[in-house]
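Here is a short tour for anyone who likes to look at a fold before planning the day. Please have the structure open as you read.

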Amino acid sequence: MASAVSDLWPRLDYAKDHGTFETLHLMTQVVGKARTACAPWINHGWQVALYVSPRGFTTSSVPHGRDVFDLEFDFIDQVLRCRASNGFAGTIPLGGQTIAGFYDGVSGLLADAGLPVRIDGRPNEIEGAILFRSDVADRPYDPDAAFHLWRALIQIAQVFESFRTGFLGKISPVHLFWGSFDLAVTRFSGRPAPLHPGGIPNLPDAVAREAYSHEVSSAGFWPGGGAIDYPAFYSYAYPEPEGFRGRLVEPPAAFFHEGLGEFVLSYEAVRSAPDPAAALMAFLSSTYAAAADAGHWPRAELECDFGRPGEPRALQR
């Protein structure tokens, strides 16, 4: 049993693999920006995100004139794959590339498909970032590290999807935001929020303000960086209601990080739990309850039982 749990929730070593995670972060930005250039805006920027797929991360179908294309990180074959509705299929390798080379490779794939895209060359939400085409330094890329991160995200995404089913109100898809390189799911109270102050590095204030136009309880996972040098789950509320950070949450390893202004739970604490999925669900549910109760959300109107495969939701009259 311990072996099975370990295989399902692989060990992630930030100290050893942070270089690969940083390389993937920049690569997902390039691919995400190709989608952003073509897809019409959806509230809270949902049109820009990537998704966990059976082989890696995907844009899903992206409109381009009368055609559609997709781009997928394939962590089994270790390539970026492009497919288009006009019949084109092509790949470029993930390893052995500079970011400048990867940027040109993605642009070249789409041009070869007959679907050229002008990809914005500026990284977002990264302090001191340089233009993709100027990023010619060698970048570490360990295929095993990328593969294990993806395998972990498969398990995480399934728990996030289950958590998503217990809400009748507005809720985001489970998606990978390449700006901050985190997998996220967000619940909304339905009420407008105060204007966001902006100030996120290399991100227009208009984008941040649109993203946080309404009250949220948002949770997610990121592989580490900055104030947290280990893979971790997070949960925050915007605006933060009075008393939120003092609420008790589960499991016991979770804590409120004063510097980040959000609850944090290490991936390792979840991975090593007797039931990792249950431990993660406890974190998602208890931190949401902390935000909803402190913020006086109309919980009875917004919540429902968690969904089951093949069973229509029972209506309460």
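What follows covers a strand with its neighbours, a helix and some salt bridges.

Keep in mind that this is a predicted model.

Let's start with strand E9, residues 214–222, where eight of the nine residues are buried. Strand E8 (residues 182–192) runs antiparallel to E9, and the two are paired over seven bridges. Within that pairing, Leu-183 has Phe-221 of E9 as its bridge partner. E9 also pairs with strand E10 (residues 232–238), again antiparallel and over seven bridges; here Trp-222 is partnered by Ala-232 in E10.

Next comes helix H3 (residues 99–112). Its 14 residues should span 20 Å at 1.5 Å a residue, and the end C-alpha atoms are indeed 20 Å apart. Among the buried residues of H3 are Phe-102, Tyr-103, Val-106, Leu-109 and Leu-110. Their cover includes helix H2 (14–38) and the strands E4 (67–74), E5 (79–84) and E6 (89–93). Just after H3, Gly-114 adopts a positive phi of about 75°.

Now for the charged side chains: the whole structure holds 17 salt bridges. Three of them are listed here.

| Acid | Base | Closest N and O atoms |
|---|---|---|
| Asp-77 | Arg-55 | 3.2 Å |
| Asp-70 | Arg-83 | 2.5 Å |
| Asp-120 | Arg-122 | 3.0 Å |

Salt bridges with shared partners connect Arg-55, Asp-74, Asp-77 and Arg-81 in one network.

Is Asp-70 buried or exposed? At 10% relative accessibility, Asp-70 counts as buried because the cut-off is under 20%. Its partner Arg-83 is partly exposed, at 44%.

How values were computed. Residues numbered from 1 in each chain as written. Predicted model: local features only at pLDDT ≥ 70, side-chain atom pairs only at ≥ 80, totals over all residues. Heavy atoms only, no water. Buried < 20%, exposed > 50% of the residue type's maximum accessible area, 1.4 Å probe, protein only. Helix = DSSP H or I, 4+ residues; strand = E, 2+ residues; numbered from the N terminus. Pairing = 2+ DSSP bridges. Expected span 1.5 Å × (residues − 1). Contact = heavy atoms within 4.5 Å. Salt bridge = Lys/Arg side-chain N within 4 Å of Asp/Glu carboxyl O.
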